[in-house]
Amino acid sequence: MAHLLDLMTPKEVVTYLADRTFAPKIGDSLFPNRKTDALELEYIMGANGLPVAATVHAWDSETQVGSRASAQSFKQELALIKRKNVIREKEIIAIANPRNDAELQRLINARYTDVDTLVEGVLARAEAMKMEAVTKGVVTINENGVVGAIDYNVPADQKVVLAGNTAPTALWTGENADILGNLQTWTDLMRSKGVEVTRAITSNTVLRLMAGNPKIRTAIHGTANDRYVSNTQLNSFLQEQGLPSFVSYDAQYQVQKGDGTYETKRYFDENYVSLLPAQALGEGMFGPTAEETDLASTPGFDVSLVGNVVSMVYKTADPVAHWTKAVATFMPSFPAASSIFTAKVR
């Protein structure tokens, strides 16, 4: 008689995940993932990058004392992210009494598919946090009774909301949109602060607005020309002007609401553009979990195998059920928050 908890022991599930790779997301390049032993982030957020010059002194004079007023400390507790799926009584019986080896393998494979799905769900929530930080400079949480906002303190003049149809603050959807002028102004602002923004993220919707903008079309193809502007042509033109090149990010995920229905969301807000420097912006910090601590006390268990996300199968007694669960603690660190520029453009 086969028991699921014997077939999917903590060691086997952890080993499975140690060998399992998941498709990387854009946020993973901006905030490379790292495991930490702490439940709290703490780092220094510096100025945008301009050096503070030393000063000329008279001979035999005391050296001027520098200050770190342009830097600030950031502290934030990691968020607990988790989800589980139930394995009900009939399936527990089916696994314990398979008609043949093939059926048993099919049932076990389905449970490992659960592991994949749940881990992907945790990684999706982490990606959503990374991209919200890049889009708005803030991560908001309002789920399962946890309500809060983590503000990474992007400077106010580096967060713009366009409105109306009057240049230079016109929405990019209007006939008076000054897309090139906006990008030049924003890029110049960042350069004045010592930051070279070389890349940008937006949506396909905004890219189409850019490609269809009369000023951009004329600049690329000449007057009286309504030829299509491709993304390649657009980015080549922008780079020639010393402006960031754009990529679109339109991937989506789902959240399950309290009534059991699902809502589709985007990782990157469709209405925004984010101008970014070339380097990584921070790290995706995964921390310890209580589940990992419990596993560490299991005789013969190698806790070093545990990755960023922990998954396991466990049981409850009444009603009898087995559960597959994935859990992590996570928060993006964002020491380069003062080096980005974000704008709501539609």
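Before we zoom in, one term: a residue counts as buried when its relative accessible area is under 20%. Keep in mind, too, that this is a predicted model.

**Figure 1. Phenylalanine 286 and phenylalanine 330 make a tilted pair of buried rings.** Phenylalanine 330 has a relative accessible area of 0%, so this residue is buried. Its partner, phenylalanine 286, is buried as well, with a value of 1%. The two ring centres are 4.7 Å apart and the planes meet at 50°, so the pair is described as tilted. Look at where the two residues sit: phenylalanine 286 belongs to strand β13 (residues 283-287) and phenylalanine 330 to strand β15, so the pair ties together parts that are 44 residues apart in sequence.

**Figure 2. Phenylalanine 31 meets phenylalanine 334 edge-to-face.** The model has eight aromatic pairs. In this one, the centres are 5.3 Å from each other and the angle between the planes is 80°. Phenylalanine 31 is in the loop between α3 (26-30) and β1 (33-35), while phenylalanine 334 is in the loop between β15 (321-333) and β16 (341-344), so the pair links parts that are 303 residues apart in sequence. Both phenylalanine 31 and phenylalanine 334 are buried. Find Tyr152 here too: Phe31, Tyr152 and Phe334 form one aromatic cluster.

**Figure 3. Two rings each have a charged end sitting over them.** One view shows arginine 20, whose charged end sits over the ring of phenylalanine 22, at 4.5 Å from the ring centre. The other shows lysine 84, with its charged end over the ring of tryptophan 323 and 4.2 Å from the centre of that ring.

**Figure 4. Helix α5 is crossed by helix α2.** The axes of α2 (residues 10-18) and α5 (residues 101-136) come within 11 Å and cross at roughly 60°. The two helices are therefore oblique to each other, and α2 passes α5 in a right-handed crossing. On the α2 side, the contact is made by Glu12, Val13, Tyr16 and Leu17. On the α5 side, look for Tyr112, Val115, Asp116 and Val119.

**Figure 5. Helix α4 also crosses helix α5.** Here the axes of α4 (residues 89-96) and α5 come within 9 Å, crossing at roughly 135°. That makes α4 and α5 oblique to each other, and the crossing is left-handed. Glu91, Ala94 and Ile95 from α4 meet Leu104, Leu107, Ile108 and Arg111 from α5.

**Figure 6. Methionine 129 is a buried residue of helix α5.** Its relative accessible area is 1%. Which residues does methionine 129 contact, leaving aside its neighbours within four places in sequence? They are Ala79, Ile81, Val139, Phe330, Met331 and Pro332. You have already met Phe330 as one ring of the tilted pair in Figure 1. For a sense of scale, methionine 129 and threonine 261 are 22 Å apart in space, C-alpha to C-alpha, and 132 residues apart in sequence.

**Figure 7. Helices α8 and α9 are roughly perpendicular.** The axes of α8 (residues 214-221) and α9 (residues 231-240) come within 11 Å and cross at roughly 85°. Ile216, Ala219, Ile220 and His221 are the contact residues of α8. Across from them, α9 contributes Gln233, Leu234 and Phe237.

Definitions and conventions
Residues are numbered from 1 along each chain as its sequence is written. This is a predicted model: local features need pLDDT of at least 70, side-chain atom pairs count only at pLDDT 80 or more; totals for chains, interfaces and linings use all residues. Side-chain values use heavy atoms; hydrogens and water are left out. Rings of Phe, Tyr and Trp (its six-membered ring) pair if their centres lie within 6.5 Å; planes under 30 degrees apart count as stacked, over 60 as edge-to-face and the rest as tilted. Helices (H or I, at least four residues) and strands (E, at least two) are DSSP runs, numbered from the N terminus. Buried means under 20% relative accessible area, exposed over 50%, partly exposed in between (1.4 Å probe, protein chains only). A charge sits over a ring if NZ of Lys or CZ of Arg is within 6 Å of the ring centre and within 35 degrees of the ring normal. Axes are lines fitted to C-alpha atoms, for helices over the stretch in contact, and angles run from 0 to 180 degrees between N-to-C directions. Angles under 35 degrees count as roughly parallel, over 145 as roughly antiparallel, 65 to 115 as roughly perpendicular and the rest as oblique. A crossing is left-handed if the near helix is turned anticlockwise from the far one by less than a right angle, and right-handed if clockwise. Contact means heavy atoms within 4.5 Å.
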